[in-house]
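Q: I would like a close look at a single part of this model, a strand and the pairings around it. Please describe that part in detail and then place it in the rest of the assembly.

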Amino acid sequence: MKTEKLILSFIATLFGLLVAGIAFYAFQSTKTVAPSSTKTISIVSPSPTPNPTIFLTVDRPKDEEVVNNKILVISGKTSSNAVVIVIADSFEDVITPALNGDFATTVNIDDGQNALEIISIAPNGESIRIKKTVTYSQEEF
Amino acid sequence: MKKHILVLFLIFHLSFFISPAHAATPTPQDKTQELRDQLITNIASRVAQLKLVEKRGIIGIVTDVTNTQITLDSQNNTRFVDVDELTKFSSPNSKGTYGISDIEKNTTVGILGLYNKESRRILARFVSVMTTLLIIHGGVAAIDSENFSINITTEEGKQMTVDIENLTRTYSYTQKAGYLRSGFSKIKENYNIIVTGVLDTKDDQRMIATRVIFFPEIPASPKVNSMLENVGKSSK
């Protein structure tokens, strides 16, 4: 008796689900959406950032370096057609890099902290700046 | 049997008193070994300390100051500087003694000290108040020949009016002629330009130039040009 009841309730559940499914399908297929209530989403592909035509790396000196020689070598690499400007409080130098882009110069730094700025400017005006702090000190601590 | 057990018991107990008596009096060899171990330990710790710590010098603007610490903004990075009784302070404007209590917020200071790579802090040995020159790079937007001033637009979109004084040294750079002494009258609009100087205390968009380097062959950067076009359109 119990098993019969169980089987019947199971069949009834299945039948109910089937009817509900058919009703939902019928409703979805006959439904009409007003054009005003629809939204069109267009995915805009991001515009690629223009590749910079210039690069700059400074090998020497290291940032925050402490040196005990007032003559400082500044060297690095940039685009071969660029102009490199090394500028600080007490000096400036304009360098034309070699054909492979290497550049180097020597400058006389002041006592204490020297804020250096190395700027590379491409012929089209694009530029890159690197800031370095170099300290001249002979103090032992 | 009992006698044997008693003897063994006594020997066992006495051995406890005998052995420490031998260890308590170290031989010269033991002393040398101990000294050697101590020396090795000291050298090892000193080497580790030397590798961990290095001399460094930084420049920054004071954002906070306490009795034992200075917080700086150095190239948009927050740096913590520890101060102790060995730290020496100096200021070019100070005639008497100068200490940590005299350092105020927004002061530009140079720090020389020991940088700890692990804690990323600097133990300051020398703290000096300093003034650094402002360096701006951009394109010439306008020239005011009457007032000997030029307007410069930087790549960051900043507008700066630069006053050219008698003391201002002006240079030009071309591929052919190289780096030459020049003058205000040679500066034209849209030239690529670098200016060093000091900011006007009353107007943060005005500066007095100490040096001007301009490049007649190099135009202002495309970024600056687009900004100048936008400024022109909005003014119309």
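A: The model is predicted, and the account starts away from the part in question, with a helix of the other chain. Helix α1 of chain A covers residues 2-30, 29 residues in number, and its first and last C-alpha atoms are 42 Å apart, close to the 42 Å expected at 1.5 Å a residue. The number of buried residues among the 29 of α1(A) is zero, so the helix lies largely in the open.

The part chosen for the close look is strand β6 of chain B, residues 121-129, which is joined to strand β3 (residues 77-82) of chain B by two bridges. β3(B) and β6(B) run parallel. In this pairing, Val81(B) is opposite Ile122(B) of β6(B).

Strand β4 of chain B, residues 88-90, is also parallel to β6(B), and three bridges hold the two together. Here Lys88(B) has Phe126(B) of β6(B) as its bridge partner.

The pairing with strand β5 of chain B, residues 108-116, is antiparallel and has eight bridges. Within β6(B), Val127(B) is the residue opposite Ile111(B). β5(B) and β6(B) make a hairpin, with four residues between the two strands. One residue in that turn, Arg120(B), has a positive phi of about 60°.

Two loops next to these strands also hold residues with positive phi. Gln75(B), in the loop between β2 (69-74) and β3 of chain B, has a phi near 50°, although the residue is not glycine. Gln75(B) has 14 other C-beta atoms within 10 Å and is therefore partly exposed. Asn106(B), in the loop between β4 and β5 of chain B, has a phi near 70° and is likewise a residue other than glycine. With 8 other C-beta atoms within 10 Å, Asn106(B) is exposed. As background, most residues other than glycine have a negative phi.

The domain assignment of chain B gives domain 1 as 54-129 and domain 2 as 134-235. Taken over C-alpha atoms, the centres of domain 1 and domain 2 of chain B are 34 Å apart. Chain B as a whole has three helices and 13 strands. Of its 236 residues, 24% are buried. Among contacts in chain B with a separation of 6 or more, 55% are between residues 24 or more positions apart.

The nonpolar cores come next. The largest one has 48 residues, and Ile85(A) and Ile152(B) are those with the most contacts inside it. Strand β13 of chain B, residues 206-219, gives the largest share of this core, seven residues. Another core, of 16 residues, lies apart from it and includes Val65(B), Ile70(B), Leu72(B) and Val83(B). Beyond its neighbours within four places in sequence, Ile152(B) is in contact with Ile136(B), Gly138(B), Gly139(B), Val140(B), Ala141(B), Met160(B), Val162(B), Ile193(B) and Val195(B).

Between the chains, 26 residues of chain A are in contact with 29 residues of chain B. On the chain A side, β4 (83-87), β5 (92-95), β7 (112-121) and β8 (127-136) each supply at least two residues. β7(A) gives the largest share of that side, six residues. By class, the side of chain A that touches chain B has ten nonpolar, eight polar and eight charged residues.

Chain A is divided into domain 1 (2-37) and domain 2 (56-136). The centres of domain 1 and domain 2 of chain A, taken over C-alpha atoms, are separated by 77 Å.

Two local features of chain A complete the picture. Pro61(A) sits in the loop between β1 (56-60) and β2 (65-67) of chain A, and the peptide bond leading to Pro61(A) from Arg60(A) is cis, with omega near -5°. Asn108(A) belongs to strand β6 of chain A, residues 102-108. Asn108(A) counts as exposed because it has 12 C-beta neighbours inside 10 Å, and the cut-off for exposed is 12 or fewer. Leaving out residues up to four places away in sequence, Asn108(A) touches Lys70(A), Ile71(A) and Phe91(A). Asn108(A) and Lys70(A) are 38 residues apart along the chain, with 5.5 Å between their C-alpha atoms.

Notes: Residues numbered from 1 in each chain as written. Chains lettered and ligands numbered in written order. Predicted model: local features only at pLDDT ≥ 70, side-chain atom pairs only at ≥ 80, totals over all residues. Expected span 1.5 Å × (residues − 1). Buried ≥ 20, exposed ≤ 12 C-beta atoms within 10 Å, placed from the backbone. Contact = placed C-beta atoms within 7 Å. Nonpolar A, V, L, I, M, F, W, Y, C, P; charged D, E, K, R; others polar. Pairing = 2+ DSSP bridges. Core = buried A, V, L, I, M, F, W, Y, C linked by C-beta atoms within 7 Å. Domains from an automatic or database assignment.
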